[in-house]
Each structure stands twice: as structure tokens, then as C-alpha cells.
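This report describes a protein model, moving from its overall form to its strands and then to individual residues. The reader is invited to follow the account with the structure in view.

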Amino acid sequence: ILITKYLAFANPFEITDIKIQGNHDIPNNIILEIIDKQVENQNILNIDFKIIKDSLHKHDFICKTKIYTEIPSSIVIDISEVKPIGLLENNGSIFFLSQDLKLINASYESINYFSNTPVITNLNNNKVDLLKTREILQKIMFSENNIYDKLNEIRFNDNQIILILDHYTTIILGDKNYAQSLNKFLQFNKQVIINKNKKIENYKYINVSIPNQIFINENKLKI
């Protein structure tokens, strides 16, 4: 009984250290502010992980969390962040598109932070096909030659999908045959641009929208 009373009074397992890992875009101080009330005067034996997780998951750019304790007085929070793959306008508001097709409100601060996120522009009368958009962007993300890092905009016209890269290099895909067009471009990127040690920036446009044909126009001034 005396030992129990001593432990209750001394609170030897009171949380004095919070370790945050896995976050690359969300600063530690933001995460600490979110959970401040949930961990205040708590110890590792009575802390409610569910309340902490619920608070963290309200943040637009946190998708998963794993929390565990370390004796004597630490908790570890492992963060999985949302990685936006595109930026688009919908009903007059600006949103990020996530890999799981969620639309996340984009503030000026987040737009500036994720400034390399390609813009999704819809120039036809139909709604943007988010599944198609994700498929195209994911293939580009995992392609060679860092194409995604050079991608500024994906533009949907009536019959074409236009990829605009750095230095205004334009890749023209067919809309109805977009998957075949994209594969054809990625093969051209590997077999011609990479294997022959060329720069994609030296192309004004690469048109792969027509089956079995590729039309190219190289810039006269090489970059």
C-alpha cells in the first residue's frame, strides 16, 4: 500500500518526452500543439492513444499514426503524411488531390509549401476524371528521368491531355487512348532520351497522341 501511494504521488511514469518521427512536411511544433492538452499531466500508463490519434487525424495532411510508449516516460508518435499529387480548382475553391483521391482544402501557406505540385487544369465541359488523373500522375511519378519533378501542369482538353514540363516542354497524349499514349511516351523517354543521353528540356514538344506514330520538335537553342 505504501509503495502504491508513493508511485501515485511521485508519478514516476509521467510523460516528459515526446518523440515524433515519420513527418517530413509537418513541423514537430505543429504536432505538439495538436496533442498538448491530451498529454498534459498524463503518464504512459493512463494515456489514451485513441484521443491523440483522433486529434492528429483532423489535420488535413496526416493520414495515419502509430503511437507507443517507451519506459520510463516517453511516447513515440509515428506519422504517415498525405502526399498531394496535384492541385485543382473545384466549384471555385482550390484543392490538393491526394493519392487516395481525397480533395484537401489548399491554403495559401500549403500551396507555397507544396509549390512543386503539378496543377490540374480542365478545359473541357466534363468533370475531371480523378481516377484517370491519378493513374497518369502515378505512372509519371515512378518513371525514370524524374519526369514528375519537372511536371508543372496536366491539362485536359476535349481530345488531348497535355503535360507541360519545365522550360515549356509539352507532351501530348490522346484522351481516349491515354494509357497507350503515356506508355509510348515513357518508352520514348527511356529508349531515346535517357539511353542516348539527351535532355527532355531540349524538346519543344513530343506528340504521342496518334497510334503508332511519334511527332517531335526539338528546340533550336539547346538547354
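Helices and strands are DSSP runs, helices being H or I over at least four residues and strands E over at least two, and they are numbered from the N terminus. In these terms, P72 belongs to the loop that links β2 (62-70) with β3 (74-81). The peptide bond between I71 and P72 is cis, with omega at about 15°. The model under discussion is a predicted one.

## Overall form

The protein contains seven helices and 12 strands. Its radius of gyration is 24 Å, whereas a compact globule of 223 residues would have a value near 17 Å. The C-alpha trace spans about 85 × 40 × 25 Å along the principal axes.

Of the 223 residues, 39% count as buried. The accessible surface of the protein amounts to about 13800 Å², and carbon and sulfur atoms supply 50% of that area. Among contacts with a separation of 6 or more, 48% are between residues 24 or more positions apart. The protein carries 25 positive and 25 negative side chains, and 9 Å separates the centres of the two sets.

## Strand pairing from β7 to β10

How does the pairing proceed from β7 through β8 and β9 to β10? Strand β7 (residues 119-122) runs parallel to strand β8 (residues 151-156), and four bridges connect them. Within this pair, V119 stands opposite E153 of β8.

On the β9 side the sense is antiparallel: β8 and strand β9 (residues 160-165) share five bridges. The two strands form a hairpin with three residues as its connection. L151 has L165 in β9 as its bridge partner, and E153 is bridged to I164 in β9. E153 thus takes part in both pairings, with V119 as its opposite residue and I164 as its bridge partner.

Strand β9 is in turn antiparallel to strand β10 (residues 170-174), with five bridges between them. One of the bridged pairs is L163 and I171, the latter in β10. Burial accompanies this arrangement, as five of the six residues of β9 are buried and the strand is mostly covered. In general, side chains of a regular strand alternate between the two faces of the sheet.

The hairpin of β9 and β10 has four residues between the strands, and H167 there adopts a positive phi near 60°. Y168 lies in the same loop, between β9 and β10. Its phi is likewise positive, near 60°, although Y168 is not a glycine.

## Individual residues

K150 is located in helix α6 (residues 147-150). Is K150 buried or exposed? Buried means under 20% relative accessible area, and K150 counts as buried because its relative accessibility is 16%. Leaving aside residues up to four places away in sequence, K150 touches N145, I164, L165, D166, I200 and E201. Of these, I164 is the bridge partner of E153, and L165 is that of L151.

N145, another contact of K150, lies in the loop between α5 (130-141) and α6. It is not a glycine, yet its phi is positive at about 75°. Most residues other than glycine have a negative phi, and most peptide bonds are trans.

E89 is placed in strand β4 (residues 86-90). The C-alpha atoms of E89 and A106 are 9.8 Å apart in space, while the two residues are 17 apart in sequence.

The table sets out the accessibility of four residues.

| Residue | Relative accessibility | Class |
|---|---|---|
| K150 | 16% | buried |
| N145 | 25% | partly exposed |
| E89 | 56% | exposed |
| Y168 | 70% | exposed |

Why do E89 and Y168 count as exposed? Exposed means over 50% relative accessible area; E89 meets this condition because its value is 56%, and Y168 does so because its value is 70%. N145, at 25%, is partly exposed because that class covers values between the buried and exposed limits.

Key. Residues numbered from 1 in each chain as written. Predicted model: local features only at pLDDT ≥ 70, side-chain atom pairs only at ≥ 80, totals over all residues. Heavy atoms only, no water. Rg over C-alpha atoms; globule rule 2.2 N^0.38 Å. Buried < 20%, exposed > 50% of the residue type's maximum accessible area, 1.4 Å probe, protein only. Contact = heavy atoms within 4.5 Å. Areas by Shrake-Rupley, 256 points an atom, 1.4 Å probe, with all protein chains shown as cover. Lys, Arg positive; Asp, Glu negative; His and termini not counted. Charge placed at Lys NZ, Arg CZ, Asp CG, Glu CD. Pairing = 2+ DSSP bridges.
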